[in-house]
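Colleague: Could you walk me through this structure? I would like to take it slowly and ask things as they come up.

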Amino acid sequence: MSSIINIKSKEELHISSLKRGEIHRLYIHLSDNSLGAPWKVPLVIIRGMEKGPTVGITAALHGNELNGISTIFKLIDDISPKKLKGTLVLVPISNVPGYLMNQRHFSDNVDLNRMMPGKLDGSTSDLYAHYFVTKIVSKFNYLLDLHTASHGRVNSLYIRADIENEETRTLAYLQNPQIIVKKFDESGTLRSWANDNGIPAITIEIGNPNAFQHALIDETLEGIHNTLKHLEMIKGEVQNLVTDATVCDESYWLYSKKGGIVDVLPKLADKVKSGELIAIVYDVFGQIKEEIKANKAGVVIGKNIRPNCDAGTRILHLGVSIFEPDTEDIPGHEDFDESL
Ligand SMILES: [Zn+2]
């Protein structure tokens, strides 16, 4: 067990002052809770022997989205600081209050990932966001932000990225995703703040909240290894670069109009046709009350798995406007399948 370094509220994190070729564990004091005690974010910094980029990986910015924590722990086991070029800054728990309360939101019930970059003279979450960005994320050259679906829904492994931008498109494909949603990001997300500030960033959506799903975690880990190889931070060839990711222009949820018992029919990553039946809402006597159909052709990114649903429940997350990427621009893959 290595000792923990405490970076106090008025102190700056100086990565360059940390010894090369070692793994450092730190607490970064961001702001204070109602006991007057500090909210301290845990950080693991793997400082390579040689110079290179600083890659930041953030997890649990939504406090109940936990697959990213295990991804980071496995990465720490995999990476030897003696063989690393550059620096990895790993944040296993970004939203500390949300994590403690096992909830998505921050302590003031606000979505922290709509508050970035926060401000000094703002709300509780504004302050935390401000220090999170200035003390930690501003030090990164690249950002991978690890998330999951919301409660009661399941997700495939998918990426949110601006694929018009060469650097973020490259990052997206290196993760070997099933699905890429290229929708430009809402303002206030960590990803949009990073991209606006010269830090190429993508969001990786790994399965479900409140769980460790090791098959998806291991797939995510392979994508991170690919990223580090591509950036020449670790040695090795990019692995299993899949070329059949379904790329969507945008994604949205289809809702139920009636309340009742809902059965959602397609599987994750299935392609559905326009007008295809995607869910049936039954009454409590087993009679059909509503048939929900896809309003466009698309791919199933996520789906509701809780059968008892009020009217107006999110039923199926549909990715639409499937688009053919420019295959020549995908890195490190010469024998690309033209039929993509
Ligand atoms: Zn999230």
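Colleague: Let me start with a single residue: is Ala269 buried, partly exposed or exposed?

Modeller: Before I answer, please keep in mind that this is a predicted model. Ala269 is partly exposed, since its relative accessible area is 26%, and a residue counts as buried under 20% and as exposed over 50%.

Colleague: And where is Ala269 placed?

Modeller: Ala269 belongs to the loop between β13 (260-264) and β14 (271-272). Its backbone deserves a look as well, because most residues other than glycine have a negative phi. Ala269, although not a glycine, has a positive phi of about 70 degrees.

Colleague: What about Asn102, what is its phi?

Modeller: Asn102 is a residue other than glycine with a positive phi, near 55 degrees. You will find Asn102 in the loop between α2 and α3, where it is partly exposed with a relative accessible area of 47%.

Colleague: While we are on the backbone, which peptide bond is cis?

Modeller: The bond from Met116 to Pro117 is cis, and its omega is near 10 degrees. Pro117 sits in the loop between α2 (96-100) and α3 (124-136). For background, most peptide bonds are trans.

Colleague: Changing topic, which residues coordinate the zinc ion?

Modeller: The zinc ion is coordinated by His62 through ND1, by Glu65 through OE, which is listed twice, and by His147 through ND1, at 2.0 to 2.6 Å. Along the chain, these donors follow the spacing H-x2-E-x81-H. His62 lies in the loop between β4 (50-59) and α1 (67-78), while His147 is in strand β6 (residues 142-147), so this pair ties together parts that are 85 residues apart in sequence.

Colleague: Are those two histidines, His62 and His147, buried or exposed?

Modeller: His62 is buried, with a relative accessible area of 3%, and His147 is buried too, again with a value of 3%.

Colleague: Why is the site of the zinc ion irregular?

Modeller: The angles among its 4 donor atoms run from 53 to 149 degrees. Four donors count as tetrahedral if all angles lie between 85 and 135 degrees, and a site that fits none of the regular categories is called irregular. The site of the zinc ion is therefore described as irregular.

Colleague: Now the helices: how do α1 and α6 pack?

Modeller: Helix α6 covers residues 214-230, and α1 packs with it at an angle of about 50 degrees, their axes being 9 Å apart. That makes α1 oblique to α6, and the crossing of the two helices is right-handed.

Colleague: Which residues in α1 and α6 meet there?

Modeller: From α1, the residues include Asn67, Ser70, Thr71 and Leu75, and from α6 they include His214, Ile217, Leu221 and Leu228.

Colleague: How do α4 and α6 cross?

Modeller: Helix α4, residues 166-174, has an axis that comes within 8 Å of that of α6, and the two cross at roughly 135 degrees. These helices, α4 and α6, are therefore oblique to each other. Thr170, Leu171 and Leu174 in α4 meet Gly223, Asn226, Thr227 and His230 in α6.

Colleague: Asn226 came up just now, so what is it in contact with beyond its neighbours in sequence?

Modeller: If you leave aside neighbours within four places in sequence, Asn226 is in contact with Leu174, Asn176, Glu237, Val238 and Gln239. Asn226 is buried, with a relative accessible area of 0%.

Colleague: Last topic, the strands: where is Lys85, and what does Lys85 touch?

Modeller: Lys85 is in strand β5, residues 85-91, and it is partly exposed at 32% relative accessible area. Not counting residues up to four places away in sequence, Lys85 touches Glu50, Lys51, Gly52, Glu232 and Met233. The C-alpha atoms of Lys85 and Val110 are separated by 38 Å, although these residues are 25 residues apart along the chain.

Colleague: And which strand holds Asn6?

Modeller: Asn6 lies in strand β1, residues 4-7, and is partly exposed with a relative accessible area of 39%. Leaving aside neighbours within four places in sequence, Asn6 is in contact with Glu11, Tyr27 and Lys40.

Definitions and conventions
Residues are numbered from 1 along each chain as its sequence is written. This is a predicted model: local features need pLDDT of at least 70, side-chain atom pairs count only at pLDDT 80 or more; totals for chains, interfaces and linings use all residues. Side-chain values use heavy atoms; hydrogens and water are left out. Donors are N, O and S atoms within 2.8 Å of the metal (3.2 Å for Na, K and Ca); water is not among the atoms, so sites may look incomplete. Four donors count as tetrahedral if all angles lie between 85 and 135 degrees; four count as square planar and six as octahedral if opposite donors are over 155 degrees apart and all others between 65 and 115; anything else is irregular. Helices (H or I, at least four residues) and strands (E, at least two) are DSSP runs, numbered from the N terminus. Buried means under 20% relative accessible area, exposed over 50%, partly exposed in between (1.4 Å probe, protein chains only). Axes are lines fitted to C-alpha atoms, for helices over the stretch in contact, and angles run from 0 to 180 degrees between N-to-C directions. Angles under 35 degrees count as roughly parallel, over 145 as roughly antiparallel, 65 to 115 as roughly perpendicular and the rest as oblique. A crossing is left-handed if the near helix is turned anticlockwise from the far one by less than a right angle, and right-handed if clockwise. Contact means heavy atoms within 4.5 Å.
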